[in-house]
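Let's take a walk through this model together, one region at a time. Have the sequence and the 3D view open as you read.

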Amino acid sequence: MDDQHAEEQPQGRRAPVQELQDFNFRPVAWPDVRVPGSDQDQEDRPSLIPRAFQERPGVRLAYLNTVIGNVFGKQSIQAATDALNNQLNCMLLEGVLPEHPHPVRHLSAKRRLGIDADQWITQYAICPECWKHFTPAQVKELPSPECTVPDCEGVLYDEHTDAKGKRVRTSKKIMPHVSLIGSLRRMFMRPGFAKSVRDSRQDHPGQNEDEDYVMTDMHDGMLWHELETNTVREIGELGTVRDRPQDNQPATTKLTEHRYGLHLTLNIDWMGILENRPHSSGPIYYAINDLPRDQRFLQVNVICAAIMPGPKEPNIVQINHCLEPSTRELMELKNGVKMDVYGEEGLVDVFADNEALACDMPASHKCNGTAGHSHDFHPCAFCDIDIVKINTPEGYNNSWTAKDDHHMLRQSFYSKDATPARQEAILRDHGVRFSILNVIPGWLPSRKSALDFMHCIFLGIISHLFMRVLFGGYMLSGMGGINSPKRRFEDIINAVRWPSHVTRLPKNLGENQSLKKADEWRRLLTITPVILWWAWRDANDEIPDTEPPLPPNTVAPDFSRNRRSLYQAILFLCTGVRILASRTISMAQARTGQSFLAHYCLECLQLRIPLTINHQASMHTADMIKKFGPVYAWWLFAFERFNGMLERVHHNGHDGGRIELTLLRNWVQTHLIYEYLLALPADTHSFERDQINRIIKVQAQDRGSMMTQIAVYQSEAAEDNVRLPLRNAKLINLRAYGSPPGVFYPILLQYCRSLWPDLHLVGDLSCDNGTPFYANKVSRALTYIRKDGIRYGCTMNRHTHADSFAFISQGRTRVPVQITALFVVGVLDVVPHVCAVVRRLVSDDDIPAMPWDLYASTLGIHISYTELGPQEVVPVSRIECPLALIPVHSNVLKKDLWITVSFDHVSLQTVITTLIQQSQNL
């Protein structure tokens, strides 16, 4: 069983494994911590079904009004309690107040409704020094406030006498946790949740061994089918770590052999919470990869298991203690936990395992116990590269050796009980420390850690290109006034006509060059081939094979500033990122994208541009796709958005974990309100539903709200998903509609004739036999449609005119068009059809060659005149993606041109063969 993962060879050579005859294996000890909720008495444990559902609807409505007033209306506890009593007294006077179950008359109404977050949160007291966790019951049992961890000098609590003369222990620092198992119990009681969980029992493992197999999600990755259940991790006297079947069974069972075998992604990150002083809080998220991509990253489907308190980020020892509660629960889930499941009879076994640790590079190294990314000898968690080789071709030609997970595990457990000096020696020589994740059977610190594409590429490599090379190398200086590269760079960015769903880049990007968000760098890279050509071009529209002049009083950088050479390298980067960021991808495509990234790095070295650890780490991207599927399925944009949501939660600013408690309450309460809404009985009065929706709307004050997320992700569910406006469109008279009036009638008639040939359609003024195509009865005009979650408008509506440009499919290629009008057409009792009237952007062979032409198909770049072709009708299913339109002037043609860039990352299959051949010839 130890060798099962050795068969999968990532790029590079695998390190030789030293064979040792180990003996006297013993089970690895489970984390010494009580799990969240274990201290609760049976009567205090929250019910999966709100007890208020057993009460009269009027009583529930009174409870809801009280909660809204207190939690969301800022009423005091006394005012909310008085309001509740007034409502109940009115029911009593009318003789409709039930005696059983007896209504509560205070704020425990939240518990009756099942939306009291504190019932699900355990406030651990943690040692301020080592962060060892103690439940509230354990704090009461401690003989003294000193930490129980050997050699730790931390003090856990202060003790004082309250007003009633009782001795009270107040924790100096707390950390709130939520039970991983308890959260899953609630989720599985949601109607429809269990059906959304992927059933992998009939899947065929290893499909991506076929280089041309197109992967769509994480279930297409290799790791999906490798995870095992009912296993025990053991360690021998010589340090060998192995996993064996539980209870000496002959074989283990795969996680995919169970109906409810959950593949989890663990994410940890830190965020600044306070504006007036530094304070970093660290949420611990678990995402369920078995949910469809459109549901996986909804806030209500992601478990925030805990939030690590500030003000400083914890060290590896402290992180280990923070992960102990959820790690212990995860070990229980690997052996199966009995749960009630909505729609299932009786209890059902639910299994789960941690498939991936997906964090940014610093957090990932902290959590999996590997050396930091600036370590001299072990900066990479995936290979044996050292810090020097990052700036040599050896770091980019696949000559590195992959990390040996079992060697790392051995050294990790050596480090666990070693002296501090010995721990530092192990870290220096082997690049590893003890991580609590290593006690989980099946956990492999290198293989199951995912390289975060978002931070590595967008916030790492692309940021380095612009900040260190282009701006730092004076490639876009202000010399030349209004015709300077800097001015042209800013002007072309400000002239871009973006789709409405895309946030604009800063107007002064040439001056204020720092972009804060990964999505901004991603957006900038999409148009980089065009804007650099515009900023650097000469009178012949070519990029000079020279270096730009240096501004006065500056020192030339150590690297070459040749514009043509640098532009060619940047094309490699843009092409590689475009391929690797695709929503669907094959291993052939992934290796091609990897090749382009490698050539970008090698070209940079040729130009003497200093590289960073992100450049070398990106060489493992294809391996990550092999293990986890497309990066779109597991990159960290969603988790960064969750952090943004928590940053906007109002809190009291108190240290010691109290801020983090408020944040976790907000997260859990969102789950509870959502579950209450789903569980409402079918005969619930509209008043009660309105009050629940009112709570949701109060929480939905920003873009990260629950309902906004649901709408966005549901719209991304299917590629051919077309949604029409909620308001029904009215019938129009095609002979009076358009400019000039009646322009759409003949082309719609011709289109419908080809669409429904059996109807034998004829004009409504024709005397021929057939089905009349009545101008005032067959068509409804739409203001917009949504396809794949993106809004497309038309020029016939001034409110959606900005979204009227798009790419449509034309055989195996794409062409840019402007959408003139959108219609729903229907004749007799046929199913109505949604179509668009479009005009193509005119292009011909007289347009001169551009420096990106070799990669134009992959980069999604098209160039045309500022002219539109004749109107034609196409089904909206042919609309592929929105586009950014960049107006330019050609010095060669002496004409204005439009350059359009597609804004999607899906359809690359049509160009992959050519790109493979090109990459092989580089």
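Start with helix α8 (316-334), which gives the most to the lining of the second largest pocket, with 6 residues. Helices here are DSSP runs (H or I, at least four residues), strands are runs of E (at least two), and both are numbered from the N terminus. Before going on, note that this is a predicted model, where local features need pLDDT of at least 70 and side-chain atom pairs count only at pLDDT 80 or more, while totals for chains, interfaces and linings use all residues. Residues are numbered from 1 along each chain as its sequence is written, and side-chain values use heavy atoms, with hydrogens and water left out.

Back to the pocket. On a 1 Å grid over the protein atoms alone, a pocket is an open set of points where a 1.4 Å probe fits, with protein on both sides within 12 Å along at least five of seven lines; lining residues have an atom within 4 Å of a point. This one has a volume of about 1400 Å³, volume being the space filled by probe spheres set on the points, which are joined across faces, edges and corners. Its lining holds 43 residues, with Val317, Lys416, Asp417, Gln423 and Phe434 nearest the centre. Besides α8, the elements giving two or more residues are β2 (26-27), α10 (405-416) and α11 (420-430). What mix of residues makes up the lining: how many nonpolar, polar and charged? The split is 21 nonpolar, 10 polar and 12 charged, where Ala, Val, Leu, Ile, Met, Phe, Trp, Tyr, Cys and Pro count as nonpolar, Asp, Glu, Lys and Arg as charged, and the others, Gly among them, as polar.

Just ahead of α8, have a look at Pro311 in the loop that follows β15 (303-308). Gly310 and Pro311 are joined by a cis peptide bond, with omega about 5 degrees. Another cis bond runs from Ser739 to Pro740, omega near 0 degrees, and Pro740 sits in the loop between β20 and α23 (744-755).

That β20 belongs to an open, antiparallel sheet of 3 strands in the order β20-β24-β25. β20 (722-723) and β25 (790-792) are at the edges with a single partner strand each, so one side of each has no neighbour in the sheet. Strands count as paired if DSSP finds at least two bridges between them; β24 (residues 785-787) has 3 to β25, and Arg786 stands opposite Arg791.

For a hairpin, go to β5 (residues 157-161) and β6 (residues 167-171), antiparallel and joined by 5 bridges. His160 has Val168 as its bridge partner. The turn has 5 residues between the strands, including Gly165 with a positive phi of about 85 degrees.

Now the interior. A nonpolar core is a set of buried Ala, Val, Leu, Ile, Met, Phe, Trp, Tyr and Cys residues joined through side-chain atoms within 4.5 Å, buried meaning under 20% relative accessible area, exposed over 50% and partly exposed in between (1.4 Å probe, protein chains only). The largest has 156 residues, of which Phe458, Leu470, Trp536 and Trp852 touch the most other members. A second, separate core of 55 residues includes Tyr286, Val348, Ala352 and Phe434.

Finish outside, in the loop between α14 (518-536) and α15 (563-580), with Asn553. Its phi is near 60 degrees, a positive value in a residue other than glycine, and Asn553 is exposed at 85% relative accessible area.
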